[in-house]
Amino acid sequence: MNARCLYLDLDSTLLGRGASMLHDGEGNVTIDGVRAVQACLRAGVEVVLMSGRRRAQVHEDARLLGQRSFIFEAGACVVLDDEEHWLTGELLPAELTIAEQIERSGAPALLLERYRGRLEYHEPWHVQREVSHLFRGLVDAEEVDRVLVEHGHEDLRLVDNGVVNRRSQALAALPHVRGYHLVPAGASKAAAVAFHRRVRGYERAQTFAVGDSREDLACASEVDVFWLVANALERDPSMREALVAHENVRVTDAGHGPGVYEAVVSTLMAS
């Protein structure tokens, strides 16, 4: 493998407690995440951040790493050398943002009513989004997708973004809480990785990825090696069942930044 590009998730992957790049999941100070990025840059490996976060957040994080390409709102858009590439099908930003168009469709209200007590907006991070509606709760994403189709919203899907810590009192009875993105059906991190790789001219064998969620894991089909950080399985043991679908997935011994460093060094040494 001649590594050319790393696709890297942010929350619960590169970032530790408090969304800090300089702390691990337990809050201990570590610079391993920085060292991982440094190793890539020294080796001439492009680092493409891929996140469910808003554009402004991911843009600033990419700038701090000296990178001009990134993926935001769960694969809805790839910004490549400051140029936008929307992967949202017929839903495109115009007078209304895509998020506003989705709201007008009635789909968010449908889900909040259908899954009352099991789904709510992921406050305060659900505001000022261009594309996705961000929820938290505990639902079956595949079941939700069927509900969307039944009500004429086949152009949308619900992305399971893994376990989250914050919840309101309304969700107190749930055994755990997960984050979800309601996005256009064609939007995904895997599709965004495939698009970026194609435009850059990278072979699959020249790319690798690191993440912690099922949405991240789907990128395994588009890269040579996908690394799942250890904390992903600690927080969600059911992820082990999803691993068997991919032969190129490895699990790091460490979590968060140290896990990313482990993945980067292991991959670059094999190059």
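Trainee: How many cavities of 30 Å³ or more does this structure hold?

Mentor: One. Keep in mind that this is a predicted model. The largest cavity has a volume of about 70 Å³.

Trainee: Why is that space called a cavity and not a pocket?

Mentor: A cavity is a spot where a 1.4 Å probe fits but cannot get out, whereas a pocket is open. The space of about 70 Å³ is listed as a cavity, which means the probe is shut in there.

Trainee: What makes D212 a lining residue of the largest cavity?

Mentor: To count, a residue needs an atom within 4 Å of a cavity point. D212 is in the lining, along with others including G162, V163, R178 and M239, so D212 has such an atom. Helix α8 (230-235) supplies the largest share of this lining, three residues.

Trainee: How do you know which class each of those lining residues falls into?

Mentor: You look up its type. R178 and D212 are in the lining, and Arg and Asp count as charged, so both go in that class. Gly counts as polar, so G162 goes there. The full split is three nonpolar, three polar and four charged.

Trainee: And the largest pocket, how much space lies in it?

Mentor: About 1,000 Å³. Of its 37 lining residues, the closest to the centre are D11, S12, V164, N165 and R235. By class, the lining has seven nonpolar, 16 polar and 14 charged residues. Here α8 gives the most again, with four residues.

Trainee: What about the second largest pocket, which element gives the most to its lining?

Mentor: That's β8, with four residues. The pocket has a volume of about 290 Å³, and its lining divides into five nonpolar, one polar and nine charged residues.

Trainee: Now the sheet. What makes β5 and β12 its edge strands?

Mentor: Each of them pairs on one side only. The order is β5-β4-β3-β2-β1-β10-β11-β12, in an open sheet with mixed pairing.

Trainee: How do you know that β11 and β12 count as paired?

Mentor: Pairing takes at least two bridges. β11 (residues 225-228) and β12 have three, in the parallel sense, so they qualify. One partnership across them is F226 with V249.

Trainee: What makes us say that helix α2 packs on the sheet?

Mentor: Contact means heavy atoms within 4.5 Å. Helix α2 (residues 55-64) touches β2, β3, β4 and β5, so α2 has atoms inside that limit for each of those strands. Its direction makes about 150° with that of β3.

Definitions and conventions
Residues numbered from 1 in each chain as written. Predicted model: local features only at pLDDT ≥ 70, side-chain atom pairs only at ≥ 80, totals over all residues. Heavy atoms only, no water. Helix = DSSP H or I, 4+ residues; strand = E, 2+ residues; numbered from the N terminus. Axes fitted to C-alpha atoms, helices over the stretch in contact; angles between N-to-C directions. 1 Å grid on protein atoms, 1.4 Å probe; cavity = no way out; pocket = protein on both sides within 12 Å on 5 of 7 lines; lining within 4 Å. Points joined across faces, edges and corners; volume = space filled by probe spheres on them.
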